[in-house]
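Notebook open, coffee poured. I want to look up a few things in this structure and jot down what turns up.

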Amino acid sequence: MIDAARIDDGVAVVPPKDNYINRAYSIKSWLLTKDHKRIAILYLITITFFFFLGGAFAVMIRLELLTPHSDLVQPETYNKFFTMHGVVMVFLFLIPSVPATLGNFLVPIMIGAKDLAFPKINLLSWYILVVGAAFILYAVVAGGVDTGWTFYTPYSSTYSNSYVMAAAIGVFITGFSSILTGLNFIVTIHTMRAPGMTWYRLPLFIWSHYATSLIMVLGTPVIAVTILLVGLERVFRVGIFDPAIGGDPILFQHLFWFYSHPAVYIMLLPGMGVISELIAAFSRKNIFGYKFVAFASLGIAIYGFLVWGHHMFTSGQSIYGSLIFSFLSYFVAIPSAIKVFNWTATLYRGSISYDTPMLYALGFIGFFLIGGTTGLFLAAIGLDIHVHDTYFVVAHFHYVMVGGTVMAYLGGLHYWWPKLTGRMYPEGWARLSALIIFVGFNLTFFPQFILGYMGMPRRYAAYPDDPIWQMLNVFSTAGASILGAGYLLPMIYLPWSMRYGKYAPANPWGATGLEWQTSSPPPTENFEETPIVTWEPYEYRPREEKVVVNKILPTD
Amino acid sequence: MAEAVHTTTGHPASAHAALQHHFENMEQQREAGTLGMWIFLVTEIMFFGGMFMAYILYRAYNADAFAAASNALNVKMGFANTIVLICSSLTMALAVYYSQVGKRMMIVVMLILTMILGTAFLVVKAFEYYDKYEKNEIPGRLFPSRPFKWGESGHGSPAQEPGRDATTERNPQAVQTGQEQKPDPNFASRVEMFFFIYFAMTGLHALHMVIGLGMLIVLTIMAWKGRFSPEYHSPVELGGLYWHFVDIVWIFLFPLLYLLGAHGVGGGH
Amino acid sequence: MNSLSLIRNFPLFPDQASTVADKVDGLFFFITAVSVFFSVLVVAFIFYFFIKYRRRSPDEVPRPIEGSNKLEITWTVIPFGIAMLMFVGGAYVYFTMARPPRDTMDIYVVGKQWMWKIQHPEGNREINELHVPVNTSIRLTMTTEDVLHSFYIPDFRIKQDVVPGRYTTMWFKATKPGKYHIFCAEYCGTNHSGMIGTVYVMEPSEYEAWLSGGAAEGSLASQGQKVFQDLACNTCHRSDAQGRGPVLDGIFGKSVQLQNGQTLVADESYLRESILNPNAKTVAGFQPIMPTFQGQVSEEQLLQLIAYIKSLGAQGGQQQQGSINTPAQSNARPTSVPTTASQANRGGAPNSNTTSTGAGANQTGTPARQGNRQQ
């Protein structure tokens, strides 16, 4: 077991006297804080709540699908379950997940800054998220929404009798939280880097957050205005998207996916950044092809804006439009593939340890391989016609979003947990939960690929009475219960460790990166004095070659 | 706010009072502010961009109705507003200039002038909106007593139930009466679409103007208190960027909405 | 094909019951093979490295390795090449799906929360059931009365969204008699999962028998004729060129000169638009005086009217299945049916096609275009 004691050769670790946590204890000192680290913790608590809320809806979905008939709940209720599962998970968990928690905490520290460029705006963006979330919660409590998280018109704008407006306002508002976070990151990365921290010395985590922020800033306003138009149409009954009054429902789909496809990369890219950090730290190697990985992030962000039409191959858009979107979609596959190959190559001749974060990283690569390659199926138009809107798609994006983003998020959370809290998590339990999640996840979602290819449409409360379909659904539900247990474990041992875990040294993993050069947890100002960077990223060097004496390796 | 107390001590005593704790120096702070504002304006462009997209698409579908509806807008008022806004941009630019050279009174005067012009714009806009209200040209069911009407023949009976039955309810008497002049109730609904876009876009623009005015008030107070100096005037600069952006949006809106029908695309009336 | 015959009876795989199913599955297996190969390769490398290079002492630090541009280019170019193969494959299969063969039997579908209403040219109507003859190319022209739906037959591997206010089309040729699922694949509200039905693929003789069992109201075209008269369309659209509106005989599938100088092909979408929104695209030489019939005709009646107008075109040949030069996907919004590239590319001037309708819709032996493409 790798733990603090080993790295520090028996030197007793004591927490730093003055850190961002023990600075003040009042509720007010948290709710009015401008410290990016405290705001990150606020986000962490918020999105954890919504992760489990969204998870609760998922449990209901899976229970209903145990049997072919809609017997547990009415179809109407089922529709609300999957809609609220989607809305909560996408807008209140996945989009803020890595950037708003780990990103918020680490972006300034990693570049050697004292805070984000706009601390007040950072706090504001958390409040905006909370206000938006309140609207969505109101919609949930008041009776639910049943439009699907995609809010397709004209169903959402004219037909649905559920609390669409509240949910739409909620989504509209949370969008601004995301915009402001992205704006803050871009400005911070541009203007706040420590002396010597050149662009090519930035950790890949920063590159991926930079790419993510670009999407947040460019894409989110479009969804905001789209949702605004749906709301106006719903309230005033003027047709923008309703064909009964001359509107065009397909325009909604274009505007929606113009954001929502890049939004997929808002969810995924930060996770990829986390994985780059984990792979480097736990193989003690510099990332193979650093620049390729860095520019792959930017490439994904840019191409991501050009492929939205691949969600609409069956919508009746023009044949040639579909062809172009299919063609461009394959371009996005390439940077993703480059990343996977480079991560693999990084392991070559490394010094690989099997700590929990590395297990999560391994899980991420496995899931992302499946999620990514099934994307190839969906980009091939002729094949997508068949599997579009089936469980094949459901399985695909869960492999990417849950298998990818959530694994990266949990991996990153474990990796930086000592930095966030100053305590070590219990390694044994953590490895166990990683294993349970890996098994449960595959059992939940792999059968859905088969179901989807057999033709089971998504968003079905009831499905044909076919023993094979039911068998696959039962597998999926069984897997989901294992997965749920896997997610509950960290919920227990991580808070436990905050009180009972071992004190963490500044650099428990022997990793590079500025965040490991400051104490755990860091002081409010992040560093005692502004660091001056003189080394390349991930500069792990054997002792005899160590040129620059710095704190990246434990001294003995 | 224990942090604030602590953090300001991070800078040497010679640092400017306006330097926030997490910046190294004024230069960095100014750079961050400017870049932040530019990125914010990019998001604004994307925000309006979605609406422009809807406008372009529906104008392509409904060229005739859009031209006719456009002719119903008051070009004179729109033109006057354009001039007002351009003048306000000038006064704003002058305010920025005086903040750079550090003339406190002139900053205040220019900001107040900008506010007056901005308010004038909104007043004119309000008259235009009221005119539309009088003429029953507010789209949708915002004012149930004044449903949208177009033209003299008065189709679209007031009792018409909005909602999912719109298609079947929108039953013209045109067939029976054999009307030949303007027998197309679709035309009215397509005109309504123009007005919807008109109100959505100009309304959003007016909202930005209101926010801008609020910002100007804050800037004026700060200027009055003598907060700005040649070393520190980035709030005025950033405010200027925002104000110019809002003006530029109008520069696009004016021809697209008001002048569209002037070239007689499809005739109109 | 032989290699796939095993999989056909595999319980975790859908039936292959249309001419495109083979192609889609072929593409599926190709992409699966490539994906599995690369995934296994990457995973094998990872496991190998994990074991071989596991950390042996806590303070071990390996030598850094810089990147290799050669490797980077290799693993950029090779996946790109393979991805392009997938793109071409997907596009090829899609073109087969999107372009109906020349002679199809037209069936009309109207979606509604939460049922499928289907009309046969012979006048038979059914709900949530679709009876079709085997080995015949069927073209579905579809719309909806309310929200989006999507017509999906998994065993045929085809799916098409059904959009309010416009027509979308899809076609298939069933290869095996039997019963197959119809699903609504686009979420459409409360009872979305109840919007399902069954396709009955029958031998042609059985199909004829089934047809003659219904159809009390006469053929679709004759129903359309009745609507045409009820709405007094014939007062203006007279067949003697004396009316205030254009002559409709033979107009279907022809190109029409508009007042604004544009030319377009009079397909289903244009006819639909001209009934609902007559003045959007007035034919050259006529006044924009026609009133709208929006709200007076249902989607089903519209389809009947269109079937009638189509039949007017084919009077000479005694055929009403003139569905030739229509775009594969009537993707255009009702108010814009320009002569798109797709129409231009569809081979042959529109006018020349009115003569080729002789091949009967039910002719099972018609060499379908997709038949001589593959294998």
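My entries below go through a chain interface, a helix pair, the core and some odd backbone spots.

**Entry 1: ground rules.** I'm working from a predicted model, so I'm keeping that in mind throughout.

**Entry 2: chain A against chain C.** I first looked up how these two chains meet. On the chain A side 80 residues are in contact, and they face 78 residues of chain C. Which helix gives the largest share of the chain A side? I found helix 12 of chain A, residues 319–347, which supplies 16 residues. Sorting the chain A side by class, I get 49 nonpolar, 21 polar and 10 charged residues.

**Entry 3: a helix pair in chain B.** Next I pulled up helix 4 (residues 75–101) and helix 5 (residues 104–134) of chain B. Their axes sit 8 Å apart, at an angle of about 165°. Anything over 145 degrees counts as roughly antiparallel, so that is what I'm calling helix 4 and helix 5 of chain B. I noted the crossing of these two helices of chain B as left-handed. The residues of their contact split into 19 nonpolar, 6 polar and 2 charged.

**Entry 4: the core.** The largest nonpolar core has 351 residues. Which members touch the most others? My list reads A:Val88, A:Ile136, A:Ala167, A:Ala380 and B:Ile197. Helix 10 of chain A (residues 249–283) gives this core its largest share, 23 residues. I then checked A:Ala167 on its own: leaving out residues up to four places away in sequence, it touches A:Val87, A:Ile136, A:Ala139 and A:Val145.

**Entry 5: cis peptides.** I looked at two cis bonds. One joins A:Thr153 to A:Pro154, with omega about -5°. I placed A:Pro154 in the loop between helix 6 (119–142) and helix 7 (155–159) of chain A. The other runs from C:Gln113 to C:Trp114, with omega near -5°. C:Trp114 is in the loop between strand 1 (105–112) and strand 2 (115–119) of chain C.

**Entry 6: positive phi.** A:Phe151 isn't a glycine, yet its phi is near 50°. I found A:Phe151 in the loop between helix 6 and helix 7 of chain A. Is A:Phe151 buried or exposed? I count it as buried because it has 26 C-beta neighbours inside 10 Å. A:Asn526, also not a glycine, has a positive phi of about 75°. I located A:Asn526 in the segment after helix 17 (467–500) of chain A. With 24 other C-beta atoms within 10 Å, A:Asn526 goes down as buried.

How values were computed:
Residues numbered from 1 in each chain as written. Chains lettered and ligands numbered in written order. Predicted model: local features only at pLDDT ≥ 70, side-chain atom pairs only at ≥ 80, totals over all residues. Contact = placed C-beta atoms within 7 Å. Helix = DSSP H or I, 4+ residues; strand = E, 2+ residues; numbered from the N terminus. Nonpolar A, V, L, I, M, F, W, Y, C, P; charged D, E, K, R; others polar. Axes fitted to C-alpha atoms, helices over the stretch in contact; angles between N-to-C directions. Parallel < 35°, antiparallel > 145°, perpendicular 65-115°, else oblique. Left-handed = near helix turned anticlockwise from the far one by under 90°. Core = buried A, V, L, I, M, F, W, Y, C linked by C-beta atoms within 7 Å. Buried ≥ 20, exposed ≤ 12 C-beta atoms within 10 Å, placed from the backbone.
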